[in-house]
Amino acid sequence: MFGKLTWDAIPWDQPIPLVAGAVVIVLLLGVIAWVILKGYLPYLWREWITSVDHKRVGVMYTLLGIVMLVRGFIDAIMMRSQQALAYQAPGYLPPEHYDQIFSAHGTIMIFFGAMPFMIGLMNFAVPLQLGVRDVAFPTLNSTSFWLTATGALLVNISLVVGEFARTGWLPYPPLSELAYSPGVGVDYYVWALQISGVGTLMSGINLVTTILKMRAPGMSYLRMPIYCWTALASNLLIVAAFPILTATLAMLTLDRYLGFHFFTNTAGGNVMMFVNLIWAWGHPEVYILVLPAFGIFSEVISTFSSKPLFGYRSMVMATMFICVVSFMVWLHHFFTMGAGADVNAAFGIATSIIAVGTGVKVYNWMFTMYGGRIRFATPMLWSVGFIVTFVIGGMTGVLLAVPPADFQLHNSLFLVAHFHNVIIGGVVFAAFAGLTYWFPKAFGFRLHEGWGKAAFWFSLAGFYLTFMPLYVAGLLGMTRRLQHYDLAQWRPWVLLAGLGVVVTCLGVACQIIQLVVSIRERVELRDEMGDPWDGRSLEWATTSPPPAFNFAVLPDVRGEEPYWEIKRRAIETQQLADEPEYQAIEMPRNSPTGFITAFFSTLTGFALIWHIWWLVVVGLVAAYAVFVWFAWRDQDEYEIPAAEVAAADRERRRAREAWLRANVRVREPA
């Protein structure tokens, strides 16, 4: 009845996952009990779980990303501490457990940490920057989030029920084939990524449609903020690349479940087809993460330099150039696999060329800062730290694009250091810059600057102390994924990397303290006007937090920086624009569709992993029934009366008038 699931699936003989799982379960039950006893459950269900508001969905995506970044960071702590202890010794992690940890670390950090964080920030900010009320498909947006959460849940269930893949963050055959991975670890990987991948693909379709079809009146493509351009490029890559991942994992699933031979090197299969397909998705995936990060830095650097972004049109061109060329470089991930000198040279040249687009952006950011009135607030610190760190990572990437160099450094810790140099220095730094930048817009109060700056400096120092030694260890020949090692010349660099993780932990602690202190002092940190940074794009034109409808009247865009022009006009005339004529606004109703679908998707995924076929049928039928029920709803919108819209906007106007009186010097008569 329960397929392959037995009591032996729980790791009774492994105290680390057992204790960790027990602690997580106790904490979850405690939080659930607290929510119920305090009477918060109806509020959470009504305002968050069933919400289709892009802002709420964006916040939930971001929260999921933060939680999973912490989860993945715990795996990193375990790996670095294991290697610090495992010089001519076994360490404290058995090999099979260590293999699961490094596989889970990469999978969680990319798919369930960085991806939800970036998608969450795009969900929150892009509709506001476009001057619209919501995304194109609000209920689909909610469903996308909950399917991503389903994938994250399945990965974490593997901690205490069964096992996770031991193949690395990409499940290369033949290691991932049934003969070499007979357990359920690869199945957890496959179904978690298939379900969350569907959610990501739907989110990509949603955001592409929103950007192309739902801009404010007068906002042409070349009047969009650069963050919207990078979001468009990223989501176009999602729409183009994620079906490749889905098809590749589907073929691997058929190999494992039905004895097909797509990737077996027997019966007509070919292992190298998997490598080509997975990296045809995998390299665009890097830019799916990095492009919106570039957009965040563009917004932050322009705002805190008090200048328009230098070379706006060249930034747009560089963004779309990277979007296209990112599909032409995948083979540099396996130069050593025997494709031949001509093919390797072509992909090495393409890899070097794609760096040109990034170089354009770096120079534009520096020229934006040049001559500006720079304010080194926390988001700006993350941005400056990014420029230095990412340039180092980019240069090591160009080095690895040279096939002879790659032959020497392939599969070494040099490659690990390069990848983290780019992803942490680019994506994670951008995530924290964007979080700090848009936090007051989402919650109505700023994050504490002192603790934010402390978090930045500890994180920056921890990053360099962790990964610069790994470059050296890689040059000395240390390969990745080592559970233990015996060479004395590697040990000092491994210990330095372990010390770097300790310093990074201090940065994480500062961020937690920052959040606690900010909530406690939220009255003093209140954003009264909705524009705490003297921003330049439309999200700062509305209140903090914005109302459900975002804008009482859709903005009429006349230039590249519409909100900056509104402010300058108000300062020059010393008065706000005339009060508009308010009208009732229709908004989409909340829907439990996404949550219920994700619930049954979790059941279906778990059942597929453990071969509980009757539960698979129940889950699929129930999920389908939810969509049919949703399709037949009679009412999918509600109306916000004009009086309510007017009251909210007049409150905003009062705050702006107070700011104008306090900050605008009355012109003296000639």
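**Exercise 1. Classify the lining of the largest cavity by residue type.**

Count by class: seven residues are nonpolar, four are polar and none is charged. The classes are fixed as follows: Ala, Val, Leu, Ile, Met, Phe, Trp, Tyr, Cys and Pro are nonpolar, Asp, Glu, Lys and Arg are charged, and the others, Gly among them, are polar. The model is predicted: local features need pLDDT of at least 70, side-chain atom pairs count only at pLDDT 80 or more, and totals for chains, interfaces and linings use all residues. Residues are numbered from 1 along each chain as its sequence is written, and side-chain values use heavy atoms, with hydrogens and water left out.

Now list the members. The lining consists of Tyr61, Phe111, Met115, Pro116, Ile119, Thr148, Leu193, Ser196, Gly197, Thr200 and Phe242. A cavity is a set of points on a 1 Å grid over the protein atoms alone where a 1.4 Å probe fits but cannot get out, and lining residues have an atom within 4 Å of a point.

Next, the helices. H4 (95-130) and H6 each supply at least two lining residues. Helices are DSSP runs (H or I, at least four residues), numbered from the N terminus.

Finally, the volume. It is about 70 Å³. The whole structure has one cavity of 30 Å³ or more.

**Exercise 2. Place aspartate 187 and find its contacts.**

Start with the helix: aspartate 187 belongs to H6, residues 185-213. Then check accessibility. Aspartate 187 is buried at 3% (buried means under 20% relative accessible area, with a 1.4 Å probe and protein chains only). Last, look beyond four places in sequence: aspartate 187 contacts Lys4, Arg256, Tyr257 and Ile609 (contact means heavy atoms within 4.5 Å).

**Exercise 3. Compare the span of H17 with expectation, then judge its burial.**

H17 covers residues 593-610, 18 in number. Its first and last C-alpha atoms lie 26 Å apart, close to the expected 26 Å (1.5 Å times one less than the number of residues). Of the 18 residues, 14 are buried, so the rest of the structure largely encloses H17. Histidine 611 follows, with a positive phi near 60 degrees.

**Exercise 4. Count the disulfides and explain cysteine 228.**

Apply the cut-off: a pair of cysteine sulfur atoms within 2.5 Å. The count is zero. Cysteine 228 has its closest cysteine sulfur in cysteine 323, at 15 Å, which is too far for a bond. Cysteine 510 is in no disulfide either; the nearest cysteine sulfur, in cysteine 505, is 11 Å away. Check burial too. Cysteine 228 is buried at 0%, and cysteine 510 is buried at 6%.

Definitions and conventions: Buried means under 20% relative accessible area, exposed over 50%, partly exposed in between (1.4 Å probe, protein chains only). On a 1 Å grid over the protein atoms alone, a cavity is a set of points where a 1.4 Å probe fits but cannot get out, and a pocket is an open set with protein on both sides within 12 Å along at least five of seven lines; lining residues have an atom within 4 Å of a point. Grid points are joined across faces, edges and corners, and a volume is the space filled by probe spheres set on the points.
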